[in-house]
Amino acid sequence: MEQKQFKAESKRLLEMMINSIYTHKEIFLRELISNASDAIDKLYFKSLTDTSVGMSRDDFEIFIDADKDAKTLTIRDNGIGMTKEELENNLGTIAQSGSLAFKTNNELGEDSQIIGQFGVGFYSAFMVAKEVTVRSKAFGSDEAFEWKSEGVDGYTIDSCDKPDHGTEIILALKDDTDDEKYSKYLDQYQIQSLVKKYSDYIRFPIKTEVEHQHYDDEGNPTEMHKEIKTINSMVPLWKKNKSELKDDDYNSFYADKFGDYFPPAAHIHTHNEGVATYDALLFIPSKTPFDYYSKDFEKGLQLYSSGVMIMERCEDLLPDYFSFVKGLVDSEDLSLNISREMLQQDKQVKIIAKTLEKTIKNELSKMLKNEREKYEEFYSNFGLQFKFGIYQSYGANRDILKDLLLFNSSFGDKKTTLEEYVSRMKEGQEYIYYACGDSVKRIESLPAAELVKDKGYEMLYFTDEVDEFAIKVLIDYNGKKFKSITDSDLDLETPEEKEESKKQSEDSKDMFGFMKDALGDKVKEVRLSSRLKSAPVCLSSNGPLSLDMEKVLNSMPQNADKQVKAEKALEINGSHPIFSKLKSLYDSDKDMLAKYTKLLYNQALLIEGISIDDPVELSNMICDLMI
Ligand code: ADP
């Protein structure tokens, strides 16, 4: 029989499973039961609309069989089963169970994070088994197949005899070692307690055979009595009373359903009645999924109709800015055989989505208010999405999102909300000031930042590229407009200072004109600065497009051949010694003035973090001045 190889990624995952990084090897049972339950769900769902299935709800079950002599543990279901191709595709390659993009960095820490994020699934069987056999017959097919593997060396697939549809997974347990007693998984009490712990809510009965020892009147053991027992309570977690549930119950449910190894940062369990009646169980992950900010990430909530899953991922239930939320909604208002297309139009779904949005927002606002540190941690994972949310909707979602935003600011090391910023605004302060740059440190050293700080105004520090774009569509916060410190009309001067600079500008009008000509169309204007304290020069933007927006837009690959240009002004500090130097050059050596102007312009670019058009020319110019 041909031995087939696992896909490379699967092989690596298998290796990790075998040399288990998990201290909780016992979760393999939860994973296999969960798969069995999904397979039954699929067939049960089919049976609701297709009478030819000929099965009712009570016919479905998951059976756990422990054979102490053979040292095998079998998990059997009568669900949808797998065809030969499905066995091959689903178990031969991991890519099937989610887009597992293994990073090149293969340190254990990193890998375990990735594993945690997509769930360990079927492969976890190899944590406890030296050989795994999967025997399966797809519903509607008359052939059954057996998949067998001892781990990384590959697997075999062969036809086999199996009368009924469904799947059985036979684990030949590893031999006991000093550290690990694999044989405990054959113990009926152990099995029952694991099922209770991890899989109690599974909607189909999980059965096993239990033995009772009978005793005679003298207390001597007589015959063994065997009976089939259903272990799980089968009530879905979300239908249970909140007061009966502990964080552990939610966490374990979350781990099982959503395959996240890390416990959630928060959960929301709500029951809603009224225009829409539903139960919802939502989770906020504590780590950013590795593909969260990529196009591969798929948002959505599971959708149930009266306890039956009708859609694995209903996108319409979540707005993009809350796409990190995982969970499910169960509503009796939805019809079972509603199609995907119809769902999108469904009024009920829209109402549920609207209500959920409010619930999520309230939960986050509460966290922000009462558990600031937790919120900041959450925000560092997913906050960027809020800014995209504001920007992409052209501000339509501003009211939902504006109070969830956090920014660094010149006030201190801690992040601030817009509300907090406004509460600290000085008397007579008209604007919410902000400055953009790659990092807080860089922003703090911006020439224009000095004066704003000097005047006692707080500045928001925009370090994410999307920040300024989001703020531009936000326009104002509760009536307070935003102003960039590189805006042409920053307006920080006192009336006397204004008068003084006006005069100085008038006096140097011709020189500025000359300097502007020396720079050609690189700048719109050269002028006296009203925003500089000790730095000699800076750039500011005249139009609606700021320097930082120009930087961001031009760095996007899709804009490679349609570069935008912010209207720039080169500003000179009138009280810096360079200014008198320029003036004297204007009278004595215009060629040199032209050179100086170019140098100053390039310096300003460097300070702003904008790349220099012609570094070689700049370098030659500096050298010329040195010799
Ligand atoms: P996941 O459950 O996250 O998709 P798994 O590795 O656990 O990943 O399983 C891979 C796939 O194998 C499942 O998506 C499913 O299609 C199939 N599968 C696993 N177990 C069963 C089963 N008992 N019956 C039918 N299909 C199964």
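What follows is a chat about the packing, pairing and backbone of this predicted model.

Reader: Let's start with the sheet. In what order do the six strands of the open sheet come?

Author: The pairing in this open sheet is mixed. The edge positions go to β15 (412-416) and β18, each with a single partner strand, so one side of each has no neighbour in the sheet. Written out, the order is β15-β14-β17-β16-β19-β18.

Reader: At the β15 edge, which residue is the bridge partner of S409?

Author: Strand β14 (residues 407-409) pairs with β15 over two bridges, in the antiparallel sense. For S409, the bridge partner in β15 is G412.

Reader: Now β16. Which residues of β16 stand opposite K481 and M459?

Author: With β19, β16 pairs in the parallel sense over four bridges, and K481 in β19 has Y431 opposite. β16 and β17 also run parallel, joined by four bridges. M459 in β17 stands opposite Y433. The two residues, then, are Y431 for K481 and Y433 for M459.

Reader: Is β16 buried or exposed, and how many of its residues count?

Author: In a regular strand the side chains alternate between the two faces of the sheet. On one side of β16 sit Y431, Y433 and A435, on the other I432, Y434 and C436, and all are buried. The strand is mostly covered, and the count of buried residues is six of six.

Reader: Which strands does α14 lie across, and at what angle does α14 run to β16?

Author: α14 lies across β14, β16 (431-436), β17 (459-462), β18 and β19. Relative to β16, α14 runs at about 155°.

Reader: How is α9 oriented to α14, and why is that word used?

Author: Two packed helices are described by the angle between their axes and the distance between the axes. For α9 (residues 372-392) and α14 (residues 466-474), the axes come within 8 Å and cross at roughly 45°. With that angle, α9 is therefore oblique to α14.

Reader: What is the handedness of that crossing, and what is the class make-up of the contact?

Author: α9 passes α14 in a left-handed crossing. On the α9 side the contact is made by L384, K387, F388, I390 and Y391, and on the α14 side by V466, D467, F469, A470, V473 and L474. By class, that contact of α9 with α14 has nine nonpolar, no polar and two charged residues.

Reader: How does the α16 and α19 pair sit?

Author: Helix α16 (residues 509-519) packs on α19 with the axes 9 Å apart and an angle of about 70°. The crossing of α16 and α19 is right-handed. Given their angle, the two helices are therefore roughly perpendicular.

Reader: Which residues of α16 and α19 make the contact?

Author: By class, the residues of the contact of α16 with α19 are eight nonpolar, one polar and two charged. From α16 come M511, F514, M515, A518 and L519, and from α19 come K590, L593, A594, T597, K598 and Y601.

Reader: What do the buried residues of α17 pack against?

Author: Helix α17 (residues 547-555) is mostly covered, with seven of its nine residues buried. Those buried residues are L547, D548, M549, E550, V552, L553 and N554. They pack against β16, α14, β21 (537-541), β22 (568-572) and α19 (590-608).

Reader: Over to β2. Which residues are paired with T72 on the β1 and β6 sides?

Author: Five of the six residues of β2 (residues 72-77) are buried, so β2 is largely enclosed by the rest of the structure. β2 pairs with β1 (residues 62-67) in the antiparallel sense over six bridges, and six bridges also join β2 to the antiparallel β6 (residues 166-173). The residue opposite T72 in β1 is D67, and the bridge partner in β6 is A172.

Reader: Last one, on the backbone: which phi values do K71, I475 and D491 take?

Author: K71 sits in the hairpin of β1 and β2, which has four residues between the strands. I475 is in the loop between α14 and β18 (476-477), while D491, in the loop between β19 (480-484) and α15 (495-507), is partly exposed at a relative accessible area of 44%. The phi values are positive: near 55° for K71, about 65° for I475 and near 60° for D491.

Terms used: Residues numbered from 1 in each chain as written. Predicted model: local features only at pLDDT ≥ 70, side-chain atom pairs only at ≥ 80, totals over all residues. Heavy atoms only, no water. Axes fitted to C-alpha atoms, helices over the stretch in contact; angles between N-to-C directions. Parallel < 35°, antiparallel > 145°, perpendicular 65-115°, else oblique. Left-handed = near helix turned anticlockwise from the far one by under 90°. Contact = heavy atoms within 4.5 Å. Nonpolar A, V, L, I, M, F, W, Y, C, P; charged D, E, K, R; others polar. Buried < 20%, exposed > 50% of the residue type's maximum accessible area, 1.4 Å probe, protein only. Pairing = 2+ DSSP bridges.
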